[in-house]
Amino acid sequence: MEACGRLVEFMESTPFQGMQPRDDLAGGGARYVMARLGEGYLIYADSATGPVGLTRIPAGLYRLRWLDIRGGQQRETLV
């Protein structure tokens with residue numbers, strides 16, 4: 001239940017509204033992608049043991065916020 005609560009809190013902090021499913025953009029261990037092309041992306045990986053990312057997105061500087069649902073740790077960086 002704690003992990004579910006962490007996921008709900010994280011999703012409520014994102015610009016989820018207006019995004020569309022775009023699993024075709026998933027790269028590496030990514031399983032699901034929601035996107036507002038050129039503006040925002042949500043990537044879900046249920047058991048990533050390697051790189052997780054996106055393919056075919058516009059070049060640029062992106063703010064990445066990572067949530068480890070099990071442990072609750074979050075990290076943020078520019079990539």
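The legends below describe close-up views of a predicted model.

Residues are numbered from 1 along each chain as its sequence is written. In this predicted model, local features need pLDDT of at least 70, side-chain atom pairs count only at pLDDT 80 or more, and totals for chains, interfaces and linings use all residues, while side-chain values use heavy atoms, with hydrogens and water left out.

**Figure 1. The protein has 1 helix and 7 strands.**
From the N terminus on, the order of elements is α-β-β-β-β-β-β-β. Helices (H or I, at least four residues) and strands (E, at least two) are DSSP runs, numbered from the N terminus. The radius of gyration is 12 Å, close to the 12 Å that the globule rule gives for 79 residues, so the protein is as compact as a globular protein of that length. This radius is taken over C-alpha atoms, and the globule rule is 2.2 Å times the number of residues to the power 0.38. The C-alpha trace spans about 35 × 30 × 25 Å along its principal axes. Of the 79 residues, 16% count as buried. Buried means under 20% relative accessible area, exposed means over 50%, and partly exposed lies in between (1.4 Å probe, protein chains only).

**Figure 2. An open sheet has the strand order S1-S3-S4.**
Its 3 strands pair in the antiparallel sense. Strands of a sheet pair through backbone hydrogen bonds, either parallel or antiparallel. Two strands count as paired if DSSP finds at least two bridges between them. Strand S1 (20-21) and strand S4 (40-44) are the edge strands, and each pairs on one side only. Strand S3 (residues 32-36) is joined to S4 by 5 bridges. One pair of bridge partners is Val33 with Ile43, the latter in S4.

**Figure 3. Strands S6 and S7 form a hairpin.**
S6 pairs with strand S7 (residues 74-78) in the antiparallel sense, over 5 bridges. The bridge partner of Trp66 in S7 is Arg75. There are 6 residues between the two strands of the hairpin, where Gly72 takes a positive phi near 85°. Asp68 is also found in the loop between S6 and S7. With a relative accessible area of 32%, Asp68 is partly exposed. Asp68 lies 62 residues from Arg6 in sequence, and their C-alpha atoms are 9.0 Å apart in space.

**Figure 4. Arg6 and Glu2 form a salt bridge.**
A salt bridge is a side-chain nitrogen of Lys or Arg within 4 Å of a carboxyl oxygen of Asp or Glu. The whole structure holds 6 of them. For Arg6 and Glu2, the N to O distance is 3.4 Å. These two residues are 4 residues apart in helix H1 (residues 2-12), so about one helical turn separates them. Arg6 is partly exposed at 24% relative accessibility, whereas Glu2 is exposed at 60%.

**Figure 5. Further salt bridges involve Arg36 and Arg22.**
The side chains of Arg36 and Glu39 meet with an N to O distance of 3.5 Å. Arg36 is partly exposed, at 26% relative accessible area, and Glu39 is exposed, at 60%. Arg22, Asp24 and Arg56 are joined into one network by salt bridges that share partners. Within this network, the closest N and O atoms of Arg22 and Asp24 are 2.7 Å apart. Arg22 is partly exposed at 24%, and Asp24 is partly exposed at 39%. Arg56 sits in the loop between S5 and S6 and is exposed, with a relative accessible area of 60%. Although Arg56 is not a glycine, its phi is positive, at about 55°.

**Figure 6. The largest pocket has a volume of about 1100 Å³.**
Of its 34 lining residues, Phe10, Leu42, Ile43, Arg65 and Trp66 are the closest to its centre. On a 1 Å grid over the protein atoms alone, a pocket is an open set of points where a 1.4 Å probe fits, with protein on both sides within 12 Å along at least five of seven lines; lining residues have an atom within 4 Å of a point. Grid points are joined across faces, edges and corners, and the volume is the space filled by probe spheres set on the points. H1, S3, S4, strand S5 (52-54) and strand S6 (63-67) each supply at least two lining residues. By class, the lining has 23 nonpolar, 5 polar and 6 charged residues. Ala, Val, Leu, Ile, Met, Phe, Trp, Tyr, Cys and Pro count as nonpolar, Asp, Glu, Lys and Arg as charged, and the others, Gly among them, as polar.
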